[in-house]
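Okay, thanks everyone, let's get going. I'd like to walk you through one structure today, and I'll start with the covalent cross-linking before moving out to the rest of the fold.

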Amino acid sequence: MLAGCAQGGSTSGDTAVVARVADGDTIELDGGDRVRLVQIDAPEVGEGECYAKEALQELEGLVPPGAQLELEADPELDDADRYDRLLRYLMAEGTNVNVELVRRGAATPYFHEGERGRYADELLAAVQVARAERRGMWEVCSVDWRPDR
């Protein structure tokens with residue numbers, strides 16, 4: 001269960017401990033809650049997408065099992081997805097992990113139904129840098145990305 005919150009959901013500022021990294025944009029917490037990093041999309045490991053294993057490794061490097069982090073909800077966006085995963089920004093040691101993954105080229109911004117959250121501008125700036133500098137997937141994959149798809 002998340003520290004500092006009642007069962008059934010979390011709010012901005014909750015702390016949690018990483019149990020495992022499932023893929024490049026999903027983690028599991030101690031206590032069993034699953035978290036989908038909101039406003040980003042990473043290549044899918046199970047579908048064999050280009051850069052999927054590397055994206056998972058990038059996220060594991062930022063929030064390895066046992067790491068304590070802060071979960072930040074966005075009040076303008078959904079609290080959970082259709083798979084009952086919490087939708088959150090991850091903050092680890094002062095770093096917005098969602099933005100950092102995009103900056104490294106391990107994920108792209110993803111605005112579900114065009115809804116842009118509080119870090120949309122930072123995510124778009126990060127993807128511009130990653131693309132211009134051919135970081136991560138932008139160097140090794142043929143990426144078809146549109147910010148509002």
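So, if you search the whole structure for disulfides, you find one. Keep in mind as we go that this is a predicted model. The disulfide joins C50 to C141, with an S to S distance of 1.9 Å. The pair links distant parts of the chain: C50 sits in the loop between strand 4 and helix 1, C141 sits in the segment after helix 4 (137-140), and they are 91 residues apart. As for handedness, the link of C50 and C141 is left-handed, with -85° about the S-S bond. The two ends also have their own accessibility values. C50 is partly exposed, at a relative accessible area of 41%, while C141 counts as buried at 15%.

Let me step back to the overall layout. The protein chain has four helices and eight strands. Reading from the N terminus, the order is β-β-β-β-α-β-β-β-α-β-α-α. Of its 149 residues, 48% count as buried. If you take the contacts with a separation of 6 or more, residues 24 or more positions apart account for 63% of them. And on the outside, the chain exposes about 7700 Å², with carbon and sulfur atoms supplying 43% of that.

Next, strand 1, which has partners I want to show you. Strand 1 and strand 2 run antiparallel, joined by four bridges, and they make a hairpin with two residues between them. If you want one pair to click on, V21 has I27 in strand 2 as its bridge partner. Strand 1 also pairs with strand 5 (residues 68-72), again in the antiparallel sense and over four bridges. There, A16 is matched with L69 of strand 5.

Now to helix 1, residues 52-62. Which of its residues are buried? They are A52, A55, L56, L59 and L62. Looking down the axis of helix 1, those buried residues fall within an arc of 125°, so they line one face of the helix. What's on the face turned away from that buried side? The exposed residues K53, Q57 and G61 are there. As for what covers the buried residues, the list includes strand 1 (14-23), strand 2 (26-29), strand 3 (34-37), strand 6 (86-92) and helix 2 (97-103).

Right before that helix there's a backbone detail worth a look. Y51 lies in the loop between strand 4 and helix 1, and its phi is near 75°, a positive value in a residue other than glycine. Most residues other than glycine have a negative phi. Y51 is also buried, with a relative accessible area of 13%. There's another case at Q39, where phi is near 70°, again positive in a residue that isn't glycine. Q39 is placed in the loop between strand 3 and strand 4 (40-41), and it counts as buried at 5% relative accessibility.

Q39 takes us to T108, which is in strand 8 (residues 108-109). Leaving out residues up to four places away in sequence, T108 touches Q39, I40, D41, V102, M137, W138 and W145. T108 counts as buried too, at 5% relative accessibility.

Last topic, charges. How many salt bridges does a search of the whole structure find? Ten. I'll pick a few. The side chains of D25 and R36 meet in one, at 3.6 Å from N to O. D25 is in the loop between strand 1 and strand 2 and R36 is in strand 3, so this pair ties together parts that are eleven residues apart in sequence. Both D25 and R36 are buried.

Then there's E58 with R104, where the closest N and O atoms are 2.7 Å apart. That pair links distant parts of the chain, with E58 in helix 1 and R104 in the loop between helix 2 and strand 8, 46 residues apart. Both ends are partly exposed: E58 at 21% relative accessibility, R104 at 31%.

The one after that stays inside helix 2. R103 and E100 meet in a salt bridge at 2.9 Å, N to O, and being three residues apart in helix 2, they are separated by about one helical turn. R103 is partly exposed, at 33%, whereas E100 counts as buried, at 16%. And these last two pairs connect up: E58, E100, R103 and R104 are linked in a network of salt bridges.

That's my tour. Happy to rotate the model for anyone.

Methods. Residues numbered from 1 in each chain as written. Predicted model: local features only at pLDDT ≥ 70, side-chain atom pairs only at ≥ 80, totals over all residues. Heavy atoms only, no water. Buried < 20%, exposed > 50% of the residue type's maximum accessible area, 1.4 Å probe, protein only. Arc of directions from axis to C-beta. Contact = heavy atoms within 4.5 Å. Pairing = 2+ DSSP bridges. Areas by Shrake-Rupley, 256 points an atom, 1.4 Å probe, with all protein chains shown as cover. Disulfide = S-S within 2.5 Å. Salt bridge = Lys/Arg side-chain N within 4 Å of Asp/Glu carboxyl O.
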